[in-house]
Amino acid sequence: STSGGGFSLMAEALGLSGMLEVPVVVLEAQRPGPSTGLPTRSAQADLRLAMHAGQGDFPRLVLAPGDHRECVHLSAEAFNYAERFQIPVILLTDKYLADAFKSEELDIADGIEIERGQLVESTQGEYKRYLDTKDGVSPRAVPGTKGCAHTSTSYEHNEFGKATEKIEEVVGIAEKRWRKMKSLEESLPDPKLYENGVEIPARSLDGETVLFLWGGTKGPALEAQRLLKAQSLNTIIVQMQYIYPFKAESVKKILAPAKTIIAVEGNISGQLEGVLRQFTGISAHHFIRDYTGRPMTGEGIADEVHKV
């Protein structure tokens, strides 16, 4: 668990996790930067950092809860995905949400299941820790599993974990690792949609006014949605929980027919809107960006929507 400054110092270890295919979860509660910035304030400006930290290409998952209940469930999902796909997972929250208090029902953790992924009990012959598989995930052994001793190295390696620079082995293992991204994307749920403060099934938003957002802006946006509804302006919230890999086809089906897309973010550069444009070609029509370090408010978002 850390903030953006601490996470920056972990980038080398994140890359090591990607090379070794060791499950790891990082909770990054964002605060304004760069450098020390506003150390006691909140922001949403580390999305690109989470997506690209560490040199070279390696698969990872970036996800962002929007409220306390989602913090509990997505934390569990983060560990499940990390072990299932043997990848680093970055759980992005923000100081506003991380430091907030809220009463919840005692059933908040009900339904959570633990997934350990593919585990090896024993093996015939020398253990191929990095066995080339269709989905890119190689069955792993927990320490002490009989017959499953292997090498873990930060160097590029072959299926046995032994360092190599042979072109065919280098290419093969890199493609094996990256194959996880497609398998991972296919396993992710669609974005969440809200209308009148209530979650609704994902659908094509033909002719709708959309608030496109992520993370701790969810609560203020839901309040803004209720305020706007009282003033006869209907909006649909599209909340991205699973951001990278990006569910491009699903998001396109939802957002492409929308009349107006308003990206709501706690940063100056519109990082999520940029990710949307990068993977779908869809651009937001308007932006609500807050980089004061203070949490957004429902009234503030509603006022900005009226200006649009």
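Is Phe85 buried or exposed? Phe85 is buried, with a relative accessible area of 4%. The views below come from a predicted model, and this residue turns up again in the second one.

**View 1. Helix H6 and its neighbours.** Helix H6 runs over residues 167-187, 21 residues in total. At 1.5 Å a residue, that should give a span of 30 Å, and the C-alpha atoms at the two ends sit 31 Å apart, which agrees. The buried residues of H6 are Ile173, Lys176, Arg177, Lys180, Met181, Ser183 and Leu184. Those buried residues pack against two helices, H2 (11-20) and H4 (68-85), and two strands, E2 (61-63) and E8 (242-244).

**View 2. A stacked ring pair in helix H4.** Here we look at Tyr81 and Phe85, whose ring centres are 6.2 Å apart. Their planes meet at 20 degrees, and because planes under 30 degrees apart count as stacked, this pair is stacked. The two residues are 4 apart in helix H4, so about one helical turn separates them. As a general point, an α-helix has 3.6 residues a turn, so residues three or four places apart point the same way. Tyr81 is buried too, with a relative accessible area of 6%. Ring pairs also bring in Tyr242, giving a cluster of Tyr81, Phe85 and Tyr242.

**View 3. A ring pair that links distant parts of the chain.** Phe246 and Phe279 have ring centres 5.7 Å apart and planes at 20 degrees, so they too make a stacked pair. Phe246 sits in the loop between E8 and helix H8 (248-255), while Phe279 belongs to helix H9 (residues 271-280). The two are 33 residues apart, and their pairing links distant parts of the chain. Phe246 is buried at 3% relative accessibility, whereas Phe279, at 29%, counts as partly exposed.

**View 4. The cavity.** The structure holds 1 cavity of 30 Å³ or more, with about 30 Å³ of space inside. Its lining is made up of Pro189, Asp190, Pro191, Met240, Gln241, Tyr242 and Lys247. Sorted by class, that gives 4 nonpolar, 1 polar and 2 charged residues. Tyr242, one of the lining residues, also belongs to the ring cluster with Tyr81 and Phe85.

**View 5. The largest pocket.** This one has a volume of about 290 Å³. Of the 24 residues that line the largest pocket, Ser42, Ala43, Gln44, Gly266 and Asp290 are the closest to its centre. The lining has 10 nonpolar, 11 polar and 3 charged residues.

How values were computed:
Residues numbered from 1 in each chain as written. Predicted model: local features only at pLDDT ≥ 70, side-chain atom pairs only at ≥ 80, totals over all residues. Heavy atoms only, no water. Expected span 1.5 Å × (residues − 1). Buried < 20%, exposed > 50% of the residue type's maximum accessible area, 1.4 Å probe, protein only. Contact = heavy atoms within 4.5 Å. 1 Å grid on protein atoms, 1.4 Å probe; cavity = no way out; pocket = protein on both sides within 12 Å on 5 of 7 lines; lining within 4 Å. Points joined across faces, edges and corners; volume = space filled by probe spheres on them. Nonpolar A, V, L, I, M, F, W, Y, C, P; charged D, E, K, R; others polar. Phe/Tyr/Trp six-rings, centres within 6.5 Å; stacked < 30°, edge-to-face > 60°.
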